[in-house]
Amino acid sequence: MPDTKNIARIGMLAAVAFVLSYIESLLPLNLGIPGIKAGLSNIVVIFSIFYFRPLTAFGIAIVRIVLSGLAFGGLSGMVYSLAGGILSFVVMLLLKKTRKFSVYGVSVAGGVSHNIGQVLVAMAVLQNSMVIYYLPFLLVAGVVAGIITGTLAAVLVKRAGDSGTQDMVL
């Protein structure tokens, strides 16, 4: 039976991820290419992958995507976010499990795979393969966002490890 401390931690992390999504929706990041975002809420997902069981971390990621989609993106945006988010989560989890990648590497792979997932869905929805031409720009953006979010997530992972909160395995 999960203890109330872990349930509260999970709820707080989902809320923080939602707030970071809101903050990101306020940022005027327009580089002329649709779909480029900073991925701030991914900081929470990366942290969760390193400190919770996979199903719990996945739950936090899905709750964040659904809440953010309902609040800021609509159903269409949520479909793209779910595709990118699920692919990103699976890639990050697999790389983390290998124990060969740092938080930074996991984060960069997550940013890149998120964009790949979104492009694949866009190609399917639009039934147009020309969307693939966005991919190089989105991959660069995914690397940059992954470095930024990975740096911030690494600080949190280290601090949590230093404070002895490795007991968060729910």
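I began with burial: buried means under 20% relative accessible area, exposed over 50%, and partly exposed in between, using a 1.4 Å probe and protein chains only. With that in hand I looked up Gln127, which counts as exposed at 72% relative accessibility.

**Entry: ground rules**

I noted that this is a predicted model, in which local features need pLDDT of at least 70 and side-chain atom pairs count only at pLDDT 80 or more, while totals for chains, interfaces and linings use all residues. I also noted that residues are numbered from 1 along each chain as its sequence is written, and that side-chain values use heavy atoms, with hydrogens and water left out. Helices here are DSSP runs (H or I, at least four residues), and they are numbered from the N terminus.

**Entry: two loop residues**

I went back to Gln127 to see where it sits, and found it in the loop between α4 and α5. Gln127 has a positive phi of about 50 degrees although it is not a glycine.

Arg99 gave me a similar page to fill. I found it in the loop between α3 and α4, with a positive phi of about 60 degrees, and Arg99 is not a glycine either. Its relative accessible area is 78%, so I wrote it down as exposed.

**Entry: helix α2**

How many of the 10 residues of α2 are buried? I got 9, so I described this helix as largely enclosed by the rest of the structure. The buried residues are Asn42, Ile43, Val44, Val45, Ile46, Phe47, Ser48, Ile49 and Tyr51. Next I asked which helices they pack against. They pack against α1, α3, α4 and α5, where contact means heavy atoms within 4.5 Å.

**Entry: α2 against α3**

I then followed one of these neighbours, α3, which covers residues 54-98. The axes of α2 and α3 come within 10 Å and cross at roughly 35 degrees. For this, axes are lines fitted to C-alpha atoms, for helices over the stretch in contact, and angles run from 0 to 180 degrees between N-to-C directions. I noted the crossing as right-handed; that term applies if the near helix is turned clockwise from the far one by less than a right angle, and left-handed if anticlockwise.

On the α2 side I listed Asn42, Val44, Val45, Ile46, Ser48, Ile49 and Phe50, which meet Ala57, Ile60, Ala61, Phe89, Met92, Leu93 and Lys96 in α3. The residues of this contact divide into 11 nonpolar, 2 polar and 1 charged. In that count Ala, Val, Leu, Ile, Met, Phe, Trp, Tyr, Cys and Pro are nonpolar, Asp, Glu, Lys and Arg are charged, and the others, Gly among them, are polar.

**Entry: along α3**

I picked out two residues of α3. Leu94 lies in this helix and counts as exposed at 52% relative accessibility. From Leu94 to Ile62 I read 17 Å, C-alpha to C-alpha, across 32 residues of sequence.

Val66 is in α3 too, and is partly exposed, with a relative accessible area of 28%. Val66 and Met78 are 12 residues apart in sequence and 6.6 Å apart in space, C-alpha to C-alpha.

**Entry: aromatic rings**

A pair of aromatic rings is described by the distance of the centres and the angle of the planes. Rings of Phe, Tyr and Trp (its six-membered ring) pair if their centres lie within 6.5 Å, and planes under 30 degrees apart count as stacked, over 60 as edge-to-face and the rest as tilted. By this rule I counted 4 aromatic pairs. Phe47 and Tyr51 form a stacked one, at 5.1 Å centre to centre and 25 degrees between the planes. Both lie in α2, 4 residues apart, about one turn of the helix. Phe47 is buried at 9% relative accessibility, and Tyr51 is buried at 10%. I also saw ring pairs linking Phe18, Tyr22 and Phe72 into a cluster.

**Entry: α5 and Gly39**

I checked the length of α5, residues 135-162. At 1.5 Å a residue, its 28 residues should span 40 Å, and the end C-alpha atoms are 39 Å apart, which agrees; the expected span is 1.5 Å times one less than the number of residues. Its buried residues, including Leu135, Gly142, Thr149 and Ala160, pack against α2 and α4.

Last came Gly39, in the loop between α1 and α2. Gly39 is partly exposed at 23% relative accessible area. Leaving aside residues up to four places away in sequence, Gly39 touches Glu24 and Thr149. The C-alpha atoms of Gly39 and Gly150 are separated by 10 Å, though 111 residues apart along the chain.
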